[in-house]
Protein chains: 2
Amino acid sequence: MPLPSDEKSIVHVVDDDASMRGALQDLFLSIGLETRTYATAQDFLDTPVPDSPGCLIIDIRLPDMNGLDFQAQLSRTGVRLPVVMMTGYGDIPMSVRAMKRGAVDFLPKPFKDQDMLDAVFAAIERGRQQRAVDGDVSKVRERFETLSAREKQVMVLVTDGKMNKQVAGDLGISEITAKIHRGAAMRKMGARTLADLVRIADVINPRRRP
Amino acid sequence: MPLPSDEKSIVHVVDDDASMRGALQDLFLSIGLETRTYATAQDFLDTPVPDSPGCLIIDIRLPDMNGLDFQAQLSRTGVRLPVVMMTGYGDIPMSVRAMKRGAVDFLPKPFKDQDMLDAVFAAIERGRQQRAVDGDVSKVRERFETLSAREKQVMVLVTDGKMNKQVAGDLGISEITAKIHRGAAMRKMGARTLADLVRIADVINPRRRP
DNA sequence: ATCCAATTCATACTTTGATATGAGCATGCC
DNA sequence: GGCATGCTCATATCAAAGTATGAATTGGAT
């Protein structure tokens, strides 16, 4: 298992302009950020992206795809990298649409190096936090999957506030059996107390309203 | 206590251009939305805003204040209305800054009526959801304030997963007394089960990470 | 065929939680 | 002074939770 704090961030640059790719690569390399460049959206989509923190710099105007469509497609394909948009010809509605879809920033060309660096830092930071949350949720879900079917059912009912007797009644089993499953679920989920188990359950299945 | 579903939304328009104020008022009134207009930021800030759902339409360029500064000041003064920005001369960085600060939309003038209506509907909807959440949190906090000092302490420790014995030890009281406070806290907070109390506690004091 | 995991249940014991009844003491308010 | 509220604790009782030991059944994997 990799150490999150040791993971190096990778900046992915998608721009059909070779000189821009080069300039950005130089800029990012100058501050020690690993950088990969792509000339087209398809080029990026065809390249396996390592599951490491980082961000994605996209030119709105790409040969094969609109930058906004590209942005929309990324979430569908499971790429979670924060996006920084840039463009030489964009207008306000375009920038607003990008921001609504979750872009971290939107830079008109030409931009100052420092503005791009600020955007990249912000994007990487947002990604780190998102990854941390996602990682926690995944771990809990994985643990939950190690529970047997019955244990899962019991855990759901218990974290819903039901007593062992009610759990047993709902599942058509004896109270003793319910206790056994309950204890097993607590152990497997690493919950020392019921309060822990409730919070774990809410990570897996968030409550909308209290 | 007002019924949230019966509350009428109010659209507040801040623009120094009287003809724009009139046009927007006509537009919103035509679909049955109560509308109030203001010529300056100060005008809005000086007018008491009823605590009702709605949104705020701001022209970036105001006589007395920049629209972005205005937006920033609103949160400081406790006004929670979702903001829709509009402008006749704005650029991309300005729109991006507004969106980063939480604006719902950013419309360049001239805009289509439908675009403005869409933005207003989206803003009102966002506000409704925010109000619903805020209202729930407030209610829980108010309830919590009806607890005595000891009951609060006990509730915190209990929802932290501690047993009555530990709670008593931590507070230097007997287990029996702890039980009494625990029961009182449950009753006053309307928690039927410990699971309920844990979730209520997390509304008051959200846990960062599971 | 055999082993294993899951599921079920019983008995028994200990700990914890929930609640009621009764009571002493301090503080602050009218 | 009188009174309410909050905090404290004891005794007692009952319900529920947690744990251990032992055992039977089932279904699937080896």
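A residue counts as near a DNA strand if one of its heavy atoms lies within 4 Å of that strand. The legends below describe close-up views of a predicted model.

**View 1. The surface near DNA strand C draws on helices of both protein chains.** The largest share of this surface, four residues, comes from H8(A). Around DNA strand C there are 14 residues, and the nearest of them are A:Ser148, A:Arg150, A:Ser174, A:Ile176 and B:Lys165. By type, the residues of this surface divide into five nonpolar, five polar and four charged. Of the atoms of DNA strand C within 4 Å of the protein, 64% are sugar or phosphate atoms, and the rest belong to bases.

**View 2. Side chains of chains A and B approach phosphate oxygens of DNA strand C.** A polar side-chain atom of A:Arg150 is placed 2.5 Å from a phosphate oxygen of this strand. For A:His181, a polar side-chain atom lies 2.7 Å from a phosphate oxygen of DNA strand C. From chain B, the side chain of B:Lys165 has an N or O atom 2.7 Å from a phosphate oxygen of DNA strand C. Two or more residues of the surface near this strand are given by each of helix H6 (149-159) and H8 of chain A, and by each of helix H7 (164-171) and H8 of chain B.

**View 3. DNA strand D is surrounded by 14 residues.** The closest are A:Lys165, B:Ser148, B:Arg150, B:Ser174 and B:Ile176. H8(B) gives the most to the surface near DNA strand D, namely four residues. At least two residues each are supplied by helix H7 (164-171) and helix H8 (175-189) of chain A, and by helix H6 (149-158) and helix H8 (175-189) of chain B. The residues of this surface comprise five nonpolar, five polar and four charged.

**View 4. Polar atoms of the protein approach both a base and phosphates of DNA strand D.** A polar side-chain atom of A:Lys179 lies 3.0 Å from a base nitrogen of this strand. In chain B, a polar side-chain atom of B:Arg150 is 2.5 Å from a phosphate oxygen of DNA strand D. B:Ser174 contributes through its backbone, with an N or O atom 2.6 Å from a phosphate oxygen of DNA strand D. Sugar or phosphate accounts for 66% of the atoms of DNA strand D within 4 Å of the protein, and bases account for the rest.

**View 5. Chain A contains an open sheet of five strands with parallel pairing.** The strand order is S2-S1-S3-S4-S5. Strand S2 (34-38) and strand S5 (105-108) form the edges, each pairing on one side only. On average, neighbouring strands of the sheet are turned by 20 degrees against each other, direction ignored. Strand S1 (residues 10-14) and strand S3 (residues 54-59) of chain A run parallel and are joined by five bridges. Within this pair, A:Val11 has A:Cys55 in S3(A) as its bridge partner.

**View 6. Helices H1 and H4 of chain A pack on the sheet.** Helix H1 (residues 18-30) touches S1, S2, S3 and strand S4 (83-87) of chain A. The direction of helix H1 makes about 170 degrees with that of S2(A). Helix H4 (residues 92-100) touches S4 and S5 of chain A, and its direction makes about 155 degrees with that of S5(A).

**View 7. A:Ser95 in helix H4 of chain A is joined to B:Ser95 by a polar contact.** A:Ser95 counts as buried because its relative accessibility is 0%. The side chains of A:Ser95 and B:Ser95 make this contact at 2.9 Å. A polar atom of the A:Ser95 side chain also lies 2.7 Å from the backbone oxygen of A:Ile92. Not counting residues up to four places away in sequence, A:Ser95 touches A:Phe106, B:Ile92, B:Ser95 and B:Val96.

**View 8. Helix H9 (residues 194-204) of chain A is mostly covered.** Nine of its eleven residues are buried, among them A:Leu197, A:Val198, A:Ile200 and A:Val203. The cover over the buried residues includes helix H5 (113-145), H6 and H8 of chain A, together with helix H9 (194-204) of chain B. A:Arg199 is located in helix H9 of chain A and is buried, with a relative accessible area of 13%. Apart from neighbours within four places in sequence, A:Arg199 is in contact with B:Thr159, B:Val198, B:Asp202 and B:Arg207.

How values were computed
Residues numbered from 1 in each chain as written. Chains lettered and ligands numbered in written order. Predicted model: local features only at pLDDT ≥ 70, side-chain atom pairs only at ≥ 80, totals over all residues. Heavy atoms only, no water. Polar contact = N/O pair within 3.5 Å; in protein donor to acceptor, adjacent residues only side chain to side chain. Nonpolar A, V, L, I, M, F, W, Y, C, P; charged D, E, K, R; others polar. Buried < 20%, exposed > 50% of the residue type's maximum accessible area, 1.4 Å probe, protein only. Contact = heavy atoms within 4.5 Å. Pairing = 2+ DSSP bridges. Axes fitted to C-alpha atoms, helices over the stretch in contact; angles between N-to-C directions.
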